[in-house]
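Let's take a friendly walk through this structure, one side-chain contact at a time. Please keep the viewer open as you read.

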Amino acid sequence: MTKKAWLIIILCIVSIPLMGCKLMQGKAFINDQKTIEQAHKMVQEEAERKYGITVKPSTVNFRRHGKVTNYDEIYVSYETVEEPVFYGRAFVNVDRKKRTWRLSEVNELGMKYSDSTGSLGHALYKDLHKKKYSMITNEINEYLSENPEFVWDKEGPSLQFFVNEPEREHIEELFILYGAGEFEHLTPTEATEYMEKIEPSNPKYATTIGVRLDYKGEMNHSKMEELVNVIEDIEEIHTLPGSTLDIRVEGDTFDETEEPIYNINSDGEPNGIYFKKIELKQK
């Protein structure tokens, strides 16, 4: 066996207990209540200091890259208290230079940048769309009040917008408004002004819009047709930014005697989900 091969074997033998020691020290550090409390406090203070945003932290753990644990950085999951609620992750650096590990600083709040949890900027941009086009939601709500079997689905009582990540320039203005509790009171005109500031300069895909409803009872084609006609007759519907508006209604049950039209699945079979795509004509 060559000298180089022996050296590799020796290094491996030496590194195994060191790796085990790091793992044990890491477990003790991340499970220590003091670490968790300090991490929570650091993230709360950073969000308050930068934007006046109040967050409720929860899970604390080491950051991972694939199967590799990064002992130099932890993540802190949190949710905001303002509407719309944002579920994010902040990242905090770990100083391991001394025998006793300690948290050093918040590396990233996870609000401006899109990662596995998305970004607060993206959430606010979608909500600006809802505010700008609230008159359309109001028209639909009038119909729902007269037809209480129709209700908004779990995504919430408004049009649903699927949009690209906004530009980061000027996004902090919105964060400060949001933290002060003023964001939810923006008028459609104010929402439009902020949207123009942060609109993506090179969107990767077109904005799509959806009406997502549930029907409490047996759904059928005539009820779907009536709903579609009501939405198509809303005057402002063609001011929406996308090329189509998707209407989706899920019934508790459906009329199984009808030939499937709106409620046909990929196998050609009927189901309880009724769908219609409206082509929008931009004004």
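Which side chains meet in a salt bridge at 3.9 Å, N to O? They are those of K56 and E79. Keep in mind that you are looking at a predicted model. K56 belongs to strand β1 (residues 55-65) and E79 to strand β2 (residues 68-80), so their salt bridge ties together parts that lie 23 residues apart in sequence. K56 has a relative accessible area of 46%, which means that K56 is partly exposed. E79 is partly exposed too, with a value of 27%.

Now look for a salt bridge that links distant parts of the chain. E172 and K112 bring their side chains together at 3.1 Å, N to O. E172 sits in helix α5 (residues 171-179), while K112 is in the loop between β4 (102-108) and α3 (120-132), and the two are 60 residues apart. With a relative accessible area of 34%, E172 is partly exposed.

The next stop is K277, which forms a salt bridge with D246; their closest N and O atoms are 2.9 Å apart. This pair, too, links distant parts of the chain: K277 lies in strand β9 (residues 273-279) and D246 in strand β8 (residues 244-254), 31 residues apart. How do the two ends fare for accessibility? K277 is partly exposed at 38% relative accessible area, whereas D246 is buried at 12%. Because buried means under 20% relative accessible area, the value of 12% puts D246 in that class. The salt bridges in the model come to 10, including the ones visited here.

Let's turn to the rings. The model has 11 aromatic pairs. One of them joins F150 and Y215 edge-to-face, with 4.8 Å from centre to centre and 70° between the planes. F150 is in strand β5 (residues 150-152) and Y215 in strand β7 (residues 208-219), so this pair links distant parts of the chain, 65 residues apart. Are these two rings buried or exposed? F150 is buried, at 4% relative accessibility, and Y215 is buried as well, at 6%.

Elsewhere, F29, F62, Y71 and W101 form one aromatic cluster. W101 also has a charged neighbour: the charged end of R96 sits over its ring, 5.2 Å from the centre. You can find another arginine over a ring at Y75, where R89 lies over the face at 3.8 Å from the ring centre.

Technical notes:
Residues are numbered from 1 along each chain as its sequence is written. This is a predicted model: local features need pLDDT of at least 70, side-chain atom pairs count only at pLDDT 80 or more; totals for chains, interfaces and linings use all residues. Side-chain values use heavy atoms; hydrogens and water are left out. Rings of Phe, Tyr and Trp (its six-membered ring) pair if their centres lie within 6.5 Å; planes under 30 degrees apart count as stacked, over 60 as edge-to-face and the rest as tilted. Helices (H or I, at least four residues) and strands (E, at least two) are DSSP runs, numbered from the N terminus. Buried means under 20% relative accessible area, exposed over 50%, partly exposed in between (1.4 Å probe, protein chains only). A charge sits over a ring if NZ of Lys or CZ of Arg is within 6 Å of the ring centre and within 35 degrees of the ring normal. A salt bridge is a side-chain nitrogen of Lys or Arg within 4 Å of a carboxyl oxygen of Asp or Glu.
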